[in-house]
Amino acid sequence: MTRAELTEKIVRIKIDRDLTWKGIAEEAGLSKEFTTAALMGQMALPAEAAARVGDALDLNEYEVKLLQQIPSRGSLGQAVPTDPLIYRFYELVQVYGTTFKALIEEEFGDGIMSAIDFDMDISRKPDPAGDRVAITLSGKFLKYRQY
């Protein structure tokens, strides 16, 4: 079984059992954002969390170990994404990427926001005009070294 095949299996189990990513994350003992990323093949789960997910989803020993392996990250390929929700994030970077860069550099200096020392929160914000999606990204600032 490949990591991609395991992701497909997990999604099938989630659908068949009417589970939620949040509920699976509670079983894992980790955030819904990190757990979902791991189950979608983009992160490695710690052994204890992988075992709990394995128990909850009836995964075999190999599949539990596969959840613990460091993945090849990057699920979108090289082309512009066509899924409308994913495309909107691409669009955000296209439209606001230079703004993100300019404001981060003005505040912090020459460097980058880490996607390794990183966390994220996705939540619903009620609004009379229609609920809003709130996404908080928080990454450690890494200054470019001068040498």
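Which backbone nitrogen does the side chain of serine 114 reach? In this structure, which is a predicted model, the partner is the backbone nitrogen of isoleucine 116, at 2.9 Å.

Let me begin with the setting of that serine. Serine 114 sits in strand β1, which covers residues 111-125. Its relative accessibility is 5%, so serine 114 counts as buried, the limit being under 20%. Beyond its neighbours within four places in sequence, serine 114 makes contact with Gly139, Lys140 and Leu142.

The reason for starting here is an annotation. The UniProt record, an unreviewed entry, places the feature "active site" at Arg88, Glu91 and Ser114. I would ask you to keep in mind that such annotations may be inferred rather than shown by experiment. Of the positions named there, arginine 88 belongs to helix α6, residues 84-108. Is arginine 88 buried, exposed or partly exposed? With a relative accessible area of 47%, arginine 88 is partly exposed, because that value falls between the limits of 20% and 50%. Serine 114, as I said, is buried at 5%.

I turn now to the nonpolar interior. The largest nonpolar core contains 16 residues, and those with the most contacts inside it are Leu39, Leu45, Val53, Leu57, Leu59 and Leu67. Helices α1, α2, α3 (32-39), α4 and α5 each contribute at least two residues to this core. Which helix gives the most? That is α4, with four residues. As a general matter, nonpolar side chains in soluble globular proteins tend to be buried together.

Leucine 59 serves as an example from this core. Setting aside residues up to four places away in sequence, leucine 59 touches Leu6, Lys9, Ile13, Val53, Gly54, Val64 and Leu67.

Finally, I draw your attention to the backbone at two aspartates. Aspartate 18 is not a glycine, yet it has a positive phi of about 55°. Aspartate 18 is found in the loop that joins α1 (3-16) to α2 (21-28). Its relative accessibility is 69%, which means that aspartate 18 counts as exposed. Aspartate 58, also not a glycine, has a positive phi of about 60°. The loop in this case runs between α4 (47-57) and α5 (61-67). Aspartate 58 counts as exposed because its relative accessibility, 52%, is over 50%.

To close, I return to the opening point: the side chain of serine 114, a position that the UniProt record lists under "active site", reaches the backbone nitrogen of isoleucine 116 at 2.9 Å in this predicted model.

Methods. Residues are numbered from 1 along each chain as its sequence is written. This is a predicted model: local features need pLDDT of at least 70, side-chain atom pairs count only at pLDDT 80 or more; totals for chains, interfaces and linings use all residues. Side-chain values use heavy atoms; hydrogens and water are left out. Buried means under 20% relative accessible area, exposed over 50%, partly exposed in between (1.4 Å probe, protein chains only). Contact means heavy atoms within 4.5 Å. A polar contact is a pair of N or O atoms within 3.5 Å; within protein, one must be able to donate a hydrogen and the other to accept it, and residues adjacent in sequence count only if both atoms are side-chain atoms. A nonpolar core is a set of buried Ala, Val, Leu, Ile, Met, Phe, Trp, Tyr and Cys residues joined through side-chain atoms within 4.5 Å.
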